[in-house]
Amino acid sequence: VQYEAAPVISPGDPDGSNGWYVSEVVINPPEGHVISTDGGNTWSEGPISYDEMDDDISILVKSVTEDDSFGAVSVTEIELKIDRTAPVIIGIASDDTKCIETSFEIEETNLAAVTVDGTTIQPSDGKYILESGTHTVIASDMAGNTSTVQIVVNADHTFGELVVDKKPTCTETGSGHRDCAYCDAVSNESIDALGHEFGEWV
């Protein structure tokens, strides 16, 4: 007769989406037993904890009870999928203001979807593109972890006051520039020559 003794796994069922855990998984032996997750090389009275994983594991449960079951081993095979980390949105941040068009990337091994204002979008060469408007970006992984960014993309640049780089003279034009308040864009401008201003006849 095959010996049976089940490990105690907490949480008892996946607490994320699609069979994933989004919290630490702790494995303990039942009372009167020890457990091993390395093929029986080492045994533990528990607990054994897992933080991030996507793999099949074998849990050996061995009886240490002083009765006829002493030394008997039960094997439980489980698929353990743990993802406690939300996707990372790179290149934009909440309350950002960008100009004309901007792009961002997602860092996530188990990416499920990226939506902009409720619509799923796909990357181009690894980058997601945002046109002008007020947007809510949500990145979600297979486990159900999500990251959200709310961002404004202006339809044009917002240039500030003119900074004089070269003062004009009576006969030569000057130059200056205006910096965008929200990005690195610069508008270069020429400044008209002042022209002569003659006084009264002497």
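These are my notes from going through a predicted model.

**Sheet**

I started with the strands. There is an open sheet of 3 strands, ordered β3-β5-β6, and the pairing is antiparallel. Which strands stand at the edges? They are β3 (33-36) and β6 (73-82); each has a single partner strand, so one side of each has no neighbour in the sheet. I also looked up the twist: on average, neighbouring strands here are turned by 25° against each other, direction ignored.

Next I took the β5 to β6 pairing. Strand β5 covers residues 53-63 and is joined to β6 by 10 bridges, the two running antiparallel. For one register point I noted Lys62, whose bridge partner in β6 is Val73.

**Cores**

Then I went for the nonpolar cores. The largest has 14 residues. Which of them touch the most other members? I get Ile89, Ile92, Phe104, Ile106, Val114, Leu130 and Val137. The elements giving two or more residues to this core are β9, β10, β12 (128-130), β13 (133-141) and β14 (146-154). Strand β14 gives the largest share, 3 residues.

I picked Val114 for a closer look. Beyond its neighbours within four places in sequence, Val114 is in contact with Phe104, Ile106, Thr119, Thr120, Ile121, Tyr128, Val137, Ile138 and Ala139.

There is also a second, separate core, this one of 13 residues. Val25, Tyr50, Ile57 and Val61 are among its members.

**Asn110**

I checked a loop residue too. Asn110 sits in the loop between β9 (102-107) and β10 (111-116). Is Asn110 buried or exposed? Its relative accessibility is 18%, so Asn110 counts as buried, the cut-off being under 20%. What is Asn110 in contact with, leaving aside neighbours within four places in sequence? My list reads Trp20, Asp54, Asp83, Asp141 and Met142.

**Cysteines**

Last entry: disulfides. I count 0 of them, with the cut-off for a sulfur pair set at within 2.5 Å. Cys183 is in no disulfide; the nearest cysteine sulfur belongs to Cys180 and is 3.7 Å away. That distance is why I left the pair out, since a disulfide needs the sulfur atoms within 2.5 Å.

I looked up accessibility for two cysteines while I was there. Cys183 has 27% relative accessibility, so I put it down as partly exposed. Cys170 is partly exposed as well, with a relative accessible area of 38%.

How values were computed: Residues numbered from 1 in each chain as written. Predicted model: local features only at pLDDT ≥ 70, side-chain atom pairs only at ≥ 80, totals over all residues. Heavy atoms only, no water. Buried < 20%, exposed > 50% of the residue type's maximum accessible area, 1.4 Å probe, protein only. Helix = DSSP H or I, 4+ residues; strand = E, 2+ residues; numbered from the N terminus. Contact = heavy atoms within 4.5 Å. Pairing = 2+ DSSP bridges. Axes fitted to C-alpha atoms, helices over the stretch in contact; angles between N-to-C directions. Core = buried A, V, L, I, M, F, W, Y, C linked by side-chain atoms within 4.5 Å.
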